[in-house]
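Subject: Handover of a structure and the findings on it

Dear colleague,

Please find the structure below, followed by an account of what was found in it. I should be grateful if you would read the two side by side.

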Amino acid sequence: MPTDTLRFPDGFLWGAATAGHQIEGNNIGSNWWEMEHRPDTHVVEPSGDAADSYHRFGEDIRILAELGMNSYRFSIEWARIEPERGAVSRAELAHYRRMIDACLEHGVEPIVTLMHFTVPRWFEHDGFWRADDAPELFARYTESVLPILDDVHYVCTINEPNIAAMLAGGEKAENLVAHGLAFPDLHVADQLLASHKASREVLTARPEILSGWTVATQAFHATDEEGSAEKLQEYGHPRDFWYLENAAGDDFLGVQAYTRTFIGPEGPIPVAEGVETTLTGWEFYPPAAELGLRSAWELSGQVPLMVTENGIATADDTRRHAYIQGALEGIHRAMADGIDVRGFQYWSLLDNYEWASGFRPTFGLLGWDRETFARQVKPSARWYGEVARANALTVEDADTTSRS
Ligand code: GCO
């Protein structure tokens with residue numbers, strides 16, 4: 001089969017993403033831990049020890065680097081840094097500094113997320129994002145973290161504020177995308193934006209840091225029916241576009257994309273019969289990242305972008321390879337059209353705790369033994385690491401494929 005090579009720019013950040021609560025284990029001070037253990041909880045299982053990455057981060061970062069990646073996106077748990085209102089743990093700050101150091105020692109660019117869905121219990125009890133002082137509290141937390149950010153260049157303030165606002169609107173976090181997204185709590189959306197801005201303001205004390213938030217893009221497609229295009233705007237704006245527009249002026253914007261959503265005149269349509277779906281029930285749709293980038297670039301007024309999450313939950317690792325291949329081809333097309341994309345962070349480095357769905361949807365490049373936590377490198381991880389090392393992707397020749 002004739003092949004072609006798609007080159008990526010020097011310094012392109014090839015990595016994988018994780019979130020503290022989903023991999024660390026025993027994040028007991030967080031609102032999610034508390035919720036997981038309520039008698040009436042809707043989550044299928046608690047996070048427990050998760051992947052024990054709180055203790056095994058050194059090994060995880062070493063494997064990532066040895067595979068060929070040059071960046072790692074991970075999050076700091078606010079609940080560990082500030083377990084009680086106003087009480088900052090120096091030991092936990094030192095823990096996350098060790099993670100940053102582990103990255104630097106391996107030549108890995110650390111991409112640090114400050115808030116990936118979970119917040120301290122006390123923050124939720126004191127009014128959550130609805131509390132008047134929420135932006136101030138988030139800024140104060142950012143100030144606590146500031147001293148450990150030496151040599152960090154990318155900080156994601158708030159992960160998926162759009163999903164966070166929908167969760168706050170009462171949605172149960174059970175596979176939002178597959179069943180249509182709840183209407184967001186607009187007050188929470190405003191509070192998240194204010195918190196993001198307040199955090200960015202604090203981060204300006206370190207001019208070497210580029211900061212932004214990361215948005216879940218949905219690659220909406222209108223059906224041919226009358227009214228679908230209008231519905232797409234009405235549905236998409238408060239759930240997706242508003243967050244991209246409000247990234248205007250930020251240093252960068254994270255795009256997180258997995259699948260697409262069809263919109264008919266009445267709203268979102270479930271995935272059609274016979275279409276390949278993943279373990280989360282989402283359509284297998286590799287161009288999602290490209291479409292997210294195009295939408296983010298346009299709506300933000302050309303803020304530099306990074307794919308901060310893109311991936312697939314599957315038990316068939318060959319589909320992961322195919323998904324990443326397709327996604328990267330699309331990202332390359334977007335870049336060839338002049339869109340500034342700084343990097344690609346596959347979701348996720350490890351099989352992890354997929355929130356209310358528990359451990360069943362496996363997104364990881366690495367698996368791990370449920371008894372011993374021993375890491376297992378999947379073939380897709382070795383292949384992806386080689387792409388990263390080469391800074392180039394081999395594709396079937398354009399003549400023999402339907403690349404357009
Ligand atoms: C999110 C988060 C991740 C998820 C991932 C797969 O998008 O919900 O950023 O925590 O695990 O997106 O659903």
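Please bear in mind throughout that this is a predicted model.

The chain as a whole

The secondary structure of the chain consists of 14 helices and 15 strands. Its radius of gyration is 20 Å, close to the 22 Å that the globule rule gives for 404 residues, so the chain is as compact as a globular protein of that length. Taken along the principal axes, the box filled by the C-alpha atoms is roughly 60 × 50 × 45 Å. Of the 404 residues, 62% count as buried. The chain has an accessible surface of about 15,500 Å², and carbon and sulfur atoms account for 49% of that surface. As for contacts between residues at least 6 apart in sequence, 79% of them join residues at least 24 apart.

The ligand

There are 13 residues around the ligand, and those that come nearest are Gln22, His116, Glu160, Glu309 and Glu354. By character, the shell divides into six nonpolar, four polar and three charged residues. Three side chains may be singled out for their polar atoms. That of Glu354 has a polar atom 2.5 Å from an oxygen atom of the ligand. For Trp355, a polar side-chain atom lies 3.0 Å from a ligand oxygen atom, and for Trp347 the corresponding distance to a ligand oxygen atom is 3.4 Å. Taken alone, the ligand exposes 320 Å², and the protein buries 93% of that area.

Trp347 deserves a second look on account of its backbone. A cis peptide bond joins Trp347 to Ser348, with omega at about 15 degrees. Ser348 itself is placed in the loop between β12 (341-347) and β13 (366-368).

Arg85 and its surroundings

Arg85 is located in the loop between α4 (78-81) and α5 (90-105). Its relative accessibility is 39%, so Arg85 counts as partly exposed, the range for that class running from 20% to 50%. Apart from neighbours within four places in sequence, the residues in contact with Arg85 are Trp122, Asp126, Asp133, Leu137 and Arg140. With one of these, Asp133, the side chain of Arg85 makes a polar contact of 2.8 Å. Glu225 lies elsewhere: 140 residues separate Arg85 from Glu225 in sequence, and their C-alpha atoms are 52 Å apart in space.

Two buried helix residues

Ser144 belongs to helix α7 (residues 134-145). With a relative accessible area of 15%, Ser144 is buried, since buried means under 20%. Beyond its neighbours within four places in sequence, Ser144 is in contact with Ile81, Val88 and Leu93.

Ile63 is part of helix α3. Its relative accessible area is 11%, so Ile63 is buried as well. Leaving aside neighbours within four places in sequence, Ile63 is in contact with Leu366, Arg375 and Val377. Ile63 and Glu105 stand 42 residues apart in sequence, and the distance between their C-alpha atoms is 13 Å.

Two residues with positive phi

Which phi value does Asp52 have? Phi of Asp52 is near 50 degrees, a positive value in a residue other than glycine. Asp52 sits in the loop between α2 (31-36) and α3 (53-67). Is Asp52 buried or exposed? Its relative accessible area is 12%, so Asp52 is buried.

Gln302 is not a glycine either, yet its phi is positive at about 65 degrees. The loop that holds Gln302 runs between α12 (288-299) and β11 (305-310). Gln302 is exposed, because its relative accessible area of 51% is over the 50% at which that class begins.

In closing, I would suggest beginning with the ligand and the residues that come nearest to it, Gln22, His116, Glu160, Glu309 and Glu354.

Yours sincerely,

A colleague

Key:
Residues numbered from 1 in each chain as written. Predicted model: local features only at pLDDT ≥ 70, side-chain atom pairs only at ≥ 80, totals over all residues. Heavy atoms only, no water. Near = heavy atom within 4 Å. Polar contact = N/O pair within 3.5 Å; in protein donor to acceptor, adjacent residues only side chain to side chain. Areas by Shrake-Rupley, 256 points an atom, 1.4 Å probe, with all protein chains shown as cover. Nonpolar A, V, L, I, M, F, W, Y, C, P; charged D, E, K, R; others polar. Helix = DSSP H or I, 4+ residues; strand = E, 2+ residues; numbered from the N terminus. Rg over C-alpha atoms; globule rule 2.2 N^0.38 Å. Buried < 20%, exposed > 50% of the residue type's maximum accessible area, 1.4 Å probe, protein only. Contact = heavy atoms within 4.5 Å.
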